[in-house]
Amino acid sequence: MISPHLYHQQGVDLGVEPSALKRASAERARLRAQGAYPILSLGHLASETGASYSYLREIVSRSRDPYRSIAIPKATGGTRPISAPEPILMDVQRWILRNILDKLPMHPASYAYRSKTSIVQCASQHMGARWLVKMDLHDFFGTVGEQSVYRVFRKLGYNKLVSFELARITTRTEDLERAPWLAANTVIGSYAVAGMGVLPQGGPTSGSLANAAATRLDQLLQKFSLQRSLNYTRYSDDLTFSSLDAFDRPTAEAVVQEVSGLVRKAGFVTHRTKTRIVPPGSRKVVLGLLVDDSVRLMPEHRRRIEVHLRGCEKFGLANHAAHRKFDSVFAFVDHLAGWLAFALGVDKVVALSWCRRFNEILEREGLPPMPHLV
């Protein structure tokens, strides 16, 4: 980012009208004073990101759908719909994430989509709990509309039109039943389109924007939890409440009802079929991790890794991948590498021995080892 003096001189050299240059310099200074990366217009965003103005204009006016819908298999069965931005928009959204959204303040109870946080840190907040209440938000990203995203950019300091354009660039029109809207000062006719944009699951900016839009939810649930001596965390759409105090099932069921009401008040919806009440004596699992006096991998996860490693060592990589019905050797390698990377963040000592065995298997098969698994 260049200095204010060089910015002014560049404007003079480009022949910008003095009054316009004065307004732009003042807006740039205002945004910098608020800690926001100065973006003055859609054309300015195009210049900063390297995308063409005409391309961004097509995105904002919804005359182009730059997303590809794909279905990702879930470990628990079924698929998860993903909206993957095309490469140009992917780069633009990554720029927005890196230069604008990384400065967003996040609620301390929220752990996902933040640097230097992990599911281990989130799960560890519930170690030693006697009771757990686990709930899930239904269609977390799809619930966050472009109006909510617009408000996030407005709070960062951007003017109404730029906030509107940034909201359109980071959302996808998927809900045609919801009413269209315009920012108060948007008079560009091509921007008035049917349908409401929502956060696409798969966009680089969606996690940070969803967290920001859920700030009021976190505040309501944190206040509720403090009043009832509960510990509260949210990891994306996973809500967890834990208690050390005297508790019983009717109390837990009352917590579920009150939390559901607060979730609705904040503009979200709970997934009732995924609500779980875990009493004393039952296995305490948060985000797929055991939480008692420490955070540990679940036994079934350990067994899964061991079975894969032993199978590869005994029968060879290709034979084991085929036996386990993977589409290819590389699909299996990616699958196991993902599990090992996950294990490294939970139990490094044990995971390092698994990683050494995996890299030895790869080397024997003539494949390059994975240096990040060390």
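In this predicted model, Leu287 is partly exposed, with a relative accessible area of 22%. The residue sits in the loop that runs between strand 9 (285-286) and strand 10 (289-291). Its backbone deserves a look as well: phi of Leu287 is near 55 degrees, a positive value in a residue other than glycine. A second residue with a positive phi is Lys325, where the angle is near 65 degrees, again in a residue other than glycine. Lys325 belongs to the loop between helix 14 (317-323) and helix 15 (329-344). Because its relative accessibility is 73% and exposed means over 50%, Lys325 counts as exposed.

These two loops belong to a chain with 16 helices and 11 strands. The C-alpha trace spans about 75 × 60 × 40 Å along its principal axes. Of the 374 residues in the chain, 45% are buried. Among contacts with a separation of 6 or more, 65% are between residues 24 or more positions apart.

Turning to the interior, the largest nonpolar core holds 66 residues, and the members that touch the most others are Ile100, Phe153, Tyr158 and Ile169. Helix 12 (residues 249-265) supplies the largest share of this core, 6 residues. Another core, of 32 residues, lies apart from it, and its members include Leu289, Leu297, Leu317 and Ile361. Within the largest core, Ile169 offers a good view of the packing. When residues up to four places away in sequence are not counted, Ile169 touches Leu42, Leu45, Leu56, Ile59, Val60, Tyr67, Leu89, Val92, Gln93 and Ile96.

Ile169 also appears in the lining of a cavity. The structure holds 1 cavity of 30 Å³ or more, and the volume of the largest cavity is about 30 Å³. Its lining is made up of Ile39, Ser41, Leu42, Leu45, Val162, Glu165, Leu166 and Ile169. Two elements, helix 3 (42-49) and helix 9 (160-169), give two or more residues each to this lining. Helix 9 gives the most, with 4 residues. Sorted by class, the lining of the largest cavity has 6 nonpolar, 1 polar and 1 charged residues. Leu42 and Leu45, two of the residues touched by Ile169, are likewise part of the cavity lining.

Open space was examined next. The second largest pocket has a volume of about 490 Å³. It is lined by 20 residues, of which Ser148, Val152, Lys155, Ala212 and Ala213 are the closest to its centre. Helix 8 (146-156), helix 10 (206-213) and helix 11 (215-227) each contribute at least two residues to the lining of this pocket. The largest share, 6 residues, comes from helix 8. By class, the lining of the second largest pocket comprises 9 nonpolar, 7 polar and 4 charged residues.

Helix 10, one of the contributors to that pocket, also contains Ser208. Ser208 has a relative accessibility of 6% and therefore counts as buried, a class that requires a value under 20%. With neighbours within four places in sequence left aside, Ser208 is in contact with Leu97, Leu101, Leu104, Met106 and Tyr113.

Tyr113, a contact of Ser208, leads on to the aromatic residues. A search of the whole structure finds 10 aromatic pairs. One of them joins Phe140 and Phe141 in a tilted arrangement, with 5.5 Å centre to centre and 45 degrees between the planes. Phe140 and Phe141 are both buried. Ring pairs extend the picture by linking Tyr113, Phe140, Phe141 and Phe268 into a cluster. Tyr113 is thus described here in two ways, as a contact of the buried Ser208 and as a member of this ring cluster.

Definitions and conventions:
Residues numbered from 1 in each chain as written. Predicted model: local features only at pLDDT ≥ 70, side-chain atom pairs only at ≥ 80, totals over all residues. Heavy atoms only, no water. 1 Å grid on protein atoms, 1.4 Å probe; cavity = no way out; pocket = protein on both sides within 12 Å on 5 of 7 lines; lining within 4 Å. Points joined across faces, edges and corners; volume = space filled by probe spheres on them. Nonpolar A, V, L, I, M, F, W, Y, C, P; charged D, E, K, R; others polar. Phe/Tyr/Trp six-rings, centres within 6.5 Å; stacked < 30°, edge-to-face > 60°. Buried < 20%, exposed > 50% of the residue type's maximum accessible area, 1.4 Å probe, protein only. Core = buried A, V, L, I, M, F, W, Y, C linked by side-chain atoms within 4.5 Å. Contact = heavy atoms within 4.5 Å.
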